[in-house]
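Please look over the model below before reading on. The paragraphs that follow begin with the chain as a whole and then turn to particular strands and backbone details.

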Amino acid sequence: MSMSAGWYLRRLSRMGPREVGGRVGDAVRRRRWRAARPVCPSVTGARFTAVLPAGTIAAVPPDAAKRLLAEADRLMAGHAGYFGVDRDDLADPDWWYDPKTGRRAPWGYAFDVPYRNEDVVGDIKQIWELSRHQYLTQLAAAYAISGNERYAERVAAHLRSWWAANAPLRGVHWTSGIELGIRLLSWVWIRRLLDGWPGAAGLFEENPVAIHQVWHHQRWLAAFPSRGSSANNHVIAEAAGQFAAACAFGWFPSSARWRDDAMRSLERHLRSNTFGSGLNRELATEYHGLVLELGLAAVAEADAAGVPVPASVRLVLLRMTDALAAVVDNRLRPPRQGDADDGHGLVVDGAGTDRWASLLATGETVFGRLDWWPAVTGTDVRTPLLAALVRPTDLSVRRPASRPGHFADAGLTILRGPEEIWCRCDGGPHGFLSIAAHAHADALSVEVRHDGVDVLADPGTFCYHGQPEWRRYFRSTLGHNTLQLDGGDQSVSGGPFLWTRHARTRVLVAEPSGASGGGTARWCAEHDGYRPSVHRRRVELTAAGRELRVVDEVRGPHGTRRAVRLAFHLGPAITAELVENRARLTWTRGGEDRSAVLDLPGQLRWRAHRGESDPPLGWYSPGFGRKEPTTTLVGTGFADGAEGFTTVLGFRG
């Protein structure tokens, strides 16, 4: 996907004067660096002292270690999977190759590479992911646990290969700050985990090539921070990576300044990216996880180096952890909301380790669990490693006495019923900052699970670049469990990662605790995305009847008649039998048959769609780059303001 001139004009219109000035300065600096690349100062006597405390590795649970070693052996055999593509070339990877399209990114001055153009570069996510070097942190962790030097030797060979192939400011791996930040964090942990290997110092602090790479990464991040309307999770990854490297690799005259600037940036942007309730302002759950991982890693680095951390940083991370504990379902799955690209901050675990359980386990160790937290099941490698570095701190703040169900600032409400019925209601802002880059047009959408199984599902994200029709679908209004008017989205897209008009939503009623107490939980909200009409939705979850009732109303000027499409996306485990306006839903959980009946509004004509491509409809994306057919029920008709549309989901045995 190549951005048009119109996209750049629309993007410019979402920037303020200060951001425009900063980007002009960036452009001038890029031109200057083309002519004269910054020169790394000479370094002598570099040492690495940010090691793990004695006994840390012994605290790793055996089953977590076993999963990691199995993953490491798979990597050693050259196998890995990224975004739906299985690779078998990791024994000796081509750092610029995209296995999905078969294209290879061009060589040249970094800022000349058109990395958004898949026809020229390939799928940039596929190329970048390997060079985050998180598979190397897995191999380094495998060495630390097993003592097997073949893991360490493979890490060293791949780092030397990467450094030789990716000279500073040359090629696609020097174009995006988030990639440099995450890569630096990986290098810090690789060095830490390889500390017992005799070749560790020769790979890093005694290696001029490594020293130059570390310096150029940090100089780049200091020069080109994400700013203004782009100051989302990217700037946090940049600051966390910069801070970690400046602490652990503090070998340069600028290290202290980079460290202090990075902590100031991290503190400022953690606060600005997070609601007071603890939820991430991008309203994209996976980015909540990414930011929390990055923040915890940065605090661990600060404590290991004895660098003071503002109390506000720990407080934001505490609130983020409590918020995560509050919103997960009984299987520890959080909402599937907004964009998701499978991005992680620090990876030291093997396949099969639950990301969200791992984060809650770390939070429990660092901050302490509350009585209402869900039980954390499973084990991981990362928690004992981070916990060994983070110093316990008494924040002396009031934490929620009971499990929150409504987050007013984020507009997110969780209704819970008997037998593990879980319902997310979306009444929040469209997204974060003026471009709302990772938002979907999903106002008033609902997401319903039964014992962790998606019944009414959020379809997910699937892709960012290269497949515009699929990108449009997965973030469209029709691609969510909500109501569409006149064939358009509630918010207006200006192109990839850009929304030019945002629907405004307000929550009118939020009573989430009723069903769990034996009564009825209620939620009601409305949005103005279809002006002059207003879409209002009421949701009720009754305990006694195990019934979810959804009522949609279209309110507008008298005599207004608008075309309606009401969509309900079923999870991939659900089989549906649709007869007129009633759908019988069946699925299996733990060997037991489950069922529900979905009574749909009789005023609309209902049709089941599954795995359609022209246009896309009836799909579920379990992870970035992957999609599978599922059933979507769509009702079509008209709204004239005379009556609402009532949908009832009743759970059976």
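In this predicted model, 60% of the 653 residues of the chain count as buried. The secondary structure is made up of 17 helices and 25 strands. The chain has a radius of gyration of 25 Å, close to the 26 Å that the globule rule gives for 653 residues, so it is as compact as a globular protein of that length. Taken along the principal axes, the box that the C-alpha atoms fill is roughly 80 × 55 × 45 Å. Where contacts between residues at least 6 apart in sequence are considered, 72% of them join residues at least 24 apart.

The surface and the charges can be described in a similar way. The accessible surface of the chain comes to about 24,200 Å², and 49% of this area belongs to carbon and sulfur atoms. There are 79 positive and 71 negative side chains in the chain, with the centres of the two sets lying 6 Å apart.

Strand β14, at residues 547-555, offers a place to follow the strand pairing in detail. It pairs in the antiparallel sense with strand β13 (residues 534-542), over 9 bridges, and it is also joined by 6 bridges to strand β25 (residues 645-651), again running antiparallel. Residue V551 of β14 can be followed in both pairings, since R538 stands opposite V551, while V551 in turn stands opposite T646 in β25.

Two peptide bonds that precede proline deserve a separate look. The bond joining R531 and P532 is cis, with omega about 10°, and P532 is placed in the loop between β12 (520-527) and β13, the latter being the strand that pairs with β14. A cis peptide bond also leads from D614 to P615, where omega is near 0°; the place of P615 is in the loop between β20 (612-613) and β21 (616-617).

The backbone also shows positive phi values at residues other than glycine. D486, in the loop between β8 (483-485) and β9 (492-495), has phi near 55°, and F497, in the loop between β9 and β10 (498-501), has a positive phi of about 60°. Are these two residues buried or exposed, or do they fall in between? D486 has a relative accessibility of 45% and therefore counts as partly exposed, whereas F497 counts as buried because its relative accessibility is 15%, a value under the 20% cut-off for burial.

Notes: Residues numbered from 1 in each chain as written. Predicted model: local features only at pLDDT ≥ 70, side-chain atom pairs only at ≥ 80, totals over all residues. Heavy atoms only, no water. Pairing = 2+ DSSP bridges. Helix = DSSP H or I, 4+ residues; strand = E, 2+ residues; numbered from the N terminus. Rg over C-alpha atoms; globule rule 2.2 N^0.38 Å. Buried < 20%, exposed > 50% of the residue type's maximum accessible area, 1.4 Å probe, protein only. Contact = heavy atoms within 4.5 Å. Areas by Shrake-Rupley, 256 points an atom, 1.4 Å probe, with all protein chains shown as cover. Lys, Arg positive; Asp, Glu negative; His and termini not counted. Charge placed at Lys NZ, Arg CZ, Asp CG, Glu CD.
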